[in-house]
Structure formats: C-alpha cells, structure tokens
Amino acid sequence: MTSIADRPVGRATRHAGPDHLVLSEHPVFRRFWYATGFAAAVDTGPVKRTVLGVDLVLWRPESTAPVSVALDRCAHRDAPLSRGWVADCHLVCPYHGWEWDADGRTQRIPQTPGAPLPTKSGLTMVASQERYGMVWVCLATEAEGGPITGVPEVPQYGAPGWRAVPEYEWPFACTAMHLLENNLDPGHVAFVHRNTFGDIDRPEVTDTVVTREPYGLSSYGEIPVGGRPGEVGTTLRCTVSQLHLPFSAHIHITYPDGLQHVMVKAITPVDDRTCLLTQTVLRTDTEADRPAADILAFDDEVEAEDRDLLESLPADFPLAPHLNAHAAADRNSLAIRRLWTDLVTGRWTPPAG
Ligand code: FES
Ligand SMILES: [Fe+2]
C-alpha cells in the first residue's frame, strides 16, 4: 500500500448537485430495494414498517405463505391496516372489517355480502421479496419505472463453508447517509470504538483504494484493531467494503489467521431523518469456534457506540464537499458523496440486465 499522505484527497471538480441530500426530494430513491427487517419477525399478525416516509403493512396470509406488503391505508376510510388482523387467510381491516387476499384483492365486505364490490376497494400492493432472511420492498410503481436494480448480491449467504448469524434490527435517529458513510469510514474506529475493538494508540489507517462498480462502489483498506468478537488481542482487519446503492453495505473482513467475517448491513431510510439497520453476519468458522452469542453481544455494543455519535450530528446530510473539511483518510466518504450526487442528478447509470 502507498503512503496515505502522498496522494491527493479527491477529484478537484466543481460539485454539481444539491448542498444537502434530502431523500424525499428525489423520487429515484423509491426505485431501489430496501430491507424492512427480518422475515422471521413477520407472521400472520400484520406489522407496520415505514420506508422513505411511506407506511406499509406486512403480513402472511398463513404462517408458511410468502410475506405480502401493501400501503398501510384502507381504501374505504383510511384506517391503518397494520392495526387489523388475519382471519381465514385474509387481512382484515380493523375499522369496518373489509377483507383482502394475499394479492390485495377484496374478498369480503361484511355489511353487504354478495353485493358488487366498489371500484378501487383493493389494496395498493408493494413489490416484495424475501432474501437473506430479510423482507425487501421496492416502492416504485410501474408508472415510476419499477425497480432500477435488484436486491444486493450476497454470494456468501448459504454458500458451503459459511454460517449465518442473523443479528438485530437497529433503529438510528440519523439519516441513512450518515449511517452508511460511518460504516465505510476507517478513521473513526480507533476513537468511537476505543472502548470495544478500536485501538486508540494505533489510529493510522492505510490508504484506501476506491473503485466505482456497477452496483455502487468498493473500497479496500486495512485497519489495526484491538480485538474481534469474543476475543482480546490486537489484530488487523483487511476489509473489502462494498456500497450497494443507495445505502446497503457488504463488508468483508479477512483476518491474518484466515478467518473471514462478512457483515450484511441493509440500511433502510425510514424517512428523511431516520433509518433502520438490519444486519446479518456471515463467518467461515463454526458455532463451537465462536458462539453466535459473542458476536451478537459485540455488535450490539459497537452499534450503540456508533449510534451515540451519529445521533449527535446535525440532522441534515451535507453532500457538497465544501461544507466539510476532508483529509486523506476520507477518500471513501468523498467517493460516496460523488456517487450519490451522480445518482440524484441523473448521471448514474444502473447496471445492465
Ligand atoms: S376503513 Fe377499512 S373497512 Fe372501513
Ligand atoms: Fe463504527
């Protein structure tokens, strides 16, 4: 690796985009897939989730059925369907008891059985799929062009030699941009995580190599750390970090002893100011080598450290480089901001196929 101090910080071009990134001002964000939490958390009882300020109802018509997702608003008198229930494989509205099937088709209006159904009585369905043990949704309708990409690829999930440790759904009172940037920010580890795995006596980071990819970007870097889940002792994280637009991260760590540790970080904007992180870890060791409980406890503590710092930042996310100072260790952050700028100004091209 070259010395980080020898390289220029970033491309010296003028910023052609908004100063701050406000998600609701850019419909393109509706065209991506977002995780709404773990699939195992959705049973027949309807649950409410919010993505980009849009309230959704998630339910299973029966416990073995795929998850159905619709706007959380009844066409009759606007009641939140997440306050309803499932009976005989139908979602039931809590206000007047109208019922719908898994595809949102109206099946029963109890006050007038057998009468013709009113027009527009059906639910407004939202595209959904279950991947990596999570429920993913895309808000964009056909008229909006539908999804612009697929769900991020995670080749290690279900592959031989890898085990999955589903972790938590963590809410953050900060923008999805702040949380994503933090996850690809090598410089914060020694300080924000000084009480867990950060090594405050070794704050230097190696140069990062950032590459634009069809799905977003990837970055390689090495960070000295003071330990890893369930273990004490300094080691080195050699990390390939992928950003899958707009906010999901795939962070692949290889340790000197060969252990590989992948963090699937599905970051979902709940609205302009808050987000949800749904995280699963994939490892090449076994439960006997390192119990899942150790990994869960470690990451819960680490995320709490990040949350404590991120929630203290100003609420708006600065997109324009001139709004902040940048050092050589911020190469990832600058590349991410340029990528998001390209996305919201129409200069980003989705991958073919
Ligand atoms: S508001 Fe849903 S059935 Fe009346
Ligand atoms: Fe962190």
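Does Asp-342 count as buried or exposed, and at what relative accessibility? Point 4 takes this up.

1. **The model.** This is a predicted model. Please read every value below as computed from that prediction.

2. **Two domains.** The domain assignment splits the chain into domain 1 (33-144) and domain 2 (152-344). Their centres, taken over C-alpha atoms, are separated by 33 Å. The two domains do touch: 16 residues of domain 1 are in contact with 22 residues of domain 2.

3. **The interface.** The size of an interface is often given as the accessible area lost when the parts come together. Here domain 1 and domain 2 bury about 1400 Å² between them. Carbon and sulfur atoms account for 65% of that area. On the domain 1 side, look for Tyr-34, Phe-38 and Tyr-132. These residues lose the most area to domain 2, together 45% of what that side buries. Charged pairs also span the interface of domain 1 and domain 2, where the rule finds two salt bridges.

4. **A long-range salt bridge.** Start with Asp-342 and Arg-212. They form a salt bridge, with the closest N and O atoms 2.8 Å apart. The pair links distant parts of the chain, 130 residues apart. Asp-342 sits in helix H4 (residues 331-344), and Arg-212 in strand S13 (residues 209-213). Now the opening question. Asp-342 has 12% relative accessibility and counts as buried, because the cut-off for buried is under 20%. Arg-212 has a relative accessible area of 41%, so it is partly exposed.

5. **A salt-bridge network.** Asp-294 and Arg-290 form another salt bridge, and their closest N and O atoms are 2.7 Å apart. The partners differ in burial: Asp-294 is partly exposed at 27% relative accessibility, whereas Arg-290 is buried at 14%. This pair belongs to a wider set. Salt bridges that share partners join Arg-228, Glu-231, Asp-257, Arg-290 and Asp-294 into one network.

6. **Other salt bridges.** How many salt bridges does the structure hold? The count is 23. One of them joins the side chains of Asp-103 and Arg-105, at 3.2 Å from N to O. Asp-103 is partly exposed, with a relative accessible area of 48%. Another salt bridge pairs Arg-49 with Glu-169, the closest N and O atoms being 3.6 Å apart.

7. **The iron site.** Which residues coordinate the iron ion (ligand 2)? His-188 and His-193 each use NE2, and Asp-306 supplies two OD donors. The distances run from 2.1 to 2.3 Å. The angles among the four donor atoms range from 58 to 147°. The site is therefore irregular: four donors count as tetrahedral if all angles lie between 85 and 135 degrees, and as square planar if opposite donors are over 155 degrees apart and all others between 65 and 115. In sequence, the donor residues are spaced H-x4-H-x112-D. Both His-188 and His-193 are buried.

8. **An enclosed helix.** Helix H1 covers residues 176-183. Eight of its eight residues are buried, so the helix is largely enclosed by the rest of the structure. Polar and charged names appear in the list too: among the buried residues of H1 are His-178, Glu-181, Asn-182 and Asn-183. Ala-176, Met-177, Leu-179 and Leu-180 are buried as well.

Conventions:
Residues numbered from 1 in each chain as written. Chains lettered and ligands numbered in written order. Predicted model: local features only at pLDDT ≥ 70, side-chain atom pairs only at ≥ 80, totals over all residues. Heavy atoms only, no water. Salt bridge = Lys/Arg side-chain N within 4 Å of Asp/Glu carboxyl O. Buried < 20%, exposed > 50% of the residue type's maximum accessible area, 1.4 Å probe, protein only. Helix = DSSP H or I, 4+ residues; strand = E, 2+ residues; numbered from the N terminus. Donors = N, O, S within 2.8 Å, 3.2 Å for Na, K, Ca; no water. Tetrahedral: all angles 85-135°; square planar, octahedral: opposite > 155°, others 65-115°. Domains from an automatic or database assignment. Contact = heavy atoms within 4.5 Å. Buried area = accessible area lost by both parts, 1.4 Å probe.
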